Amino acid sequence: MSLQQLPFLAPALAPVHPAWENVLHSPVVFSRLRQIDQQLSQQAAQGKTLFPPQPLIFNSLRTMAPADIKVVILGQDPYHGVGEAMGLSFSVPPGVRIPPSLRNIYKELVADLGGGMPASGDLTHWAEQGVLLLNSVLTVEMDKAGSHGKLGWQAVTDALIDAVNQQNPGCVFLLWGNWAQTKAERIDGSRHLVLTAAHPSPLSASRGFHGCRHFSQVNAWLAAHGRATIRWMPEASQNSLF
């Protein structure tokens, strides 16, 4: 089995951290990737526009091995608007207007830790510090939210969650919303910290996301376990793209 046998996904898989390759090469995951690759290739041949851009589909797996992850933040599927999805859950590229859910994440971040509102929705600086920003479904068709929910991505991303659960000495899982909380059964609570809250969407943020203080709790837990804390707040600006 070779990931290079997946013509559509191969460019996205090339920059993945090598420590994830055992998961991606496992028979069950590779078989599902092959099925997904065929379906994405067919959709692209039909002229459909898919997000995120092809090289960024596995962007969340580039920077860290499963054992080095400090925090896991689970999302559901990528943004479906032009220029928004970048392969990191909740994140948008620099210069893109900050989406409502991320806006609420930032509001909670400021309420929890202080400081000014971040100017950019790019969360790459979190990923570089060991925050796994993982969507359950890794692709979507333009302007069709949830359109790839039945391609089979969940089998792949569940295996990635399992790899962190099994290989990591101890990290924090942030499960925001009912969907993310269904993944709690995959996590060993004796080694990892699981924090739950309502989803940061405007429809639910007021019902338990605002005031959750997850960011300070994450850093307190990491420090207590001898791990470097996360610098959540980038350089602040009053000219945020809201």
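Which backbone oxygen lies 2.7 Å from a polar atom of the side chain of Asn 104? I opened the notebook with this, keeping in mind that the model is a predicted one, and I found that the atom belongs to Pro 200.

**Entry on Asn 104**

I placed Asn 104 in helix 4 and then looked up its accessibility, which came out at a relative accessible area of 8%; since buried means under 20%, I entered this residue as buried. Besides the backbone oxygen of Pro 200, I noted a polar contact of 3.5 Å between the side chain of Asn 104 and that of His 210. Setting aside the neighbours within four places in sequence, I listed the residues in contact with Asn 104 as Pro 200, Ser 201, Pro 202, Ala 205, Phe 209 and His 210.

**Entry on the sheet**

I next traced the open sheet, in which 4 strands follow the order 3-2-5-6 with parallel pairing. Strand 3 (131–135) and strand 6 (193–197) are at the edges with a single partner strand each, so I recorded that one side of each has no neighbour in the sheet. I also wrote down the turn between neighbouring strands, which is 20° on average when direction is ignored.

For the pairing of strand 2 (residues 71–75) with strand 3, I found 5 bridges in the parallel sense. Among them I checked Val 72, whose bridge partner in strand 3 is Leu 132, and Ile 73, whose partner there is Leu 133. Helix 6 (residues 153–167) packs on this sheet and touches strand 2, strand 3 and strand 5 (172–176), its direction making about 155° with that of strand 3.

Is strand 3, standing at an edge of the sheet, buried or exposed? I found 5 of its 5 residues buried, so I describe the strand as largely enclosed by the rest of the structure. Both of its faces are covered, with Val 131, Leu 133 and Asn 135 buried on one side and Leu 132 and Leu 134 buried on the other.

**Entry on Thr 157**

Staying with helix 6, I looked at Thr 157, which is located in that helix and is buried, with a relative accessible area of 1%. Its side chain has a polar atom 2.7 Å from the backbone oxygen of Ser 136. Apart from neighbours within four places in sequence, the contacts of Thr 157 are Leu 134, Asn 135, Ser 136 and Leu 138. I also took the separation of the C-alpha atoms of Thr 157 and Val 29, which is 9.1 Å although the two residues are 128 residues apart along the chain.

**Entry on the nonpolar cores**

The largest nonpolar core has 40 residues, and I noted Leu 9, Trp 20, Leu 24, Leu 33, Phe 58 and Trp 153 as those with the most contacts inside it. Among the elements that supply at least two residues each are helix 1 (10–13), helix 2 (21–25), helix 3 (27–45), strand 2 and strand 3. Helix 6 gives the most, with 7 residues.

I followed Trp 153 further and, leaving aside neighbours within four places in sequence, found it in contact with residues including Leu 9, Leu 33, Ile 36, Leu 40, Ile 57, Phe 58, Val 137 and His 148. A second, separate core has 37 residues, and I marked Phe 51, Val 92, Trp 126 and Ile 230 as belonging to it.

**Entry on the UniProt record**

I then turned to the unreviewed UniProt entry, which lists Asp 77 under "active site" and residues 62–222 under "domain: Uracil-DNA glycosylase-like". Over residues 62–222 I read off 29% helix and 14% strand, with the end C-alpha atoms 22 Å apart.

Where is the place of Asp 77? I found it in the loop between strand 2 and helix 4 (100–113). Its relative accessible area is 24%; as this is not under the 20% required for buried and not over the 50% required for exposed, I entered Asp 77 as partly exposed. A polar atom of the Asp 77 side chain lies 2.8 Å from the backbone nitrogen of Gly 146. Beyond neighbours within four places in sequence, I recorded Asn 135, Val 137, Val 140, Ala 145 and Gly 146 as in contact with Asp 77. One of these, Asn 135, had already appeared in my notes as a buried residue of strand 3 and as a contact of Thr 157.

Technical notes:
Residues numbered from 1 in each chain as written. Predicted model: local features only at pLDDT ≥ 70, side-chain atom pairs only at ≥ 80, totals over all residues. Heavy atoms only, no water. Pairing = 2+ DSSP bridges. Axes fitted to C-alpha atoms, helices over the stretch in contact; angles between N-to-C directions. Contact = heavy atoms within 4.5 Å. UniProt positions renumbered as here; feature names shortened; annotations may be inferred. Buried < 20%, exposed > 50% of the residue type's maximum accessible area, 1.4 Å probe, protein only. Polar contact = N/O pair within 3.5 Å; in protein donor to acceptor, adjacent residues only side chain to side chain. Core = buried A, V, L, I, M, F, W, Y, C linked by side-chain atoms within 4.5 Å.
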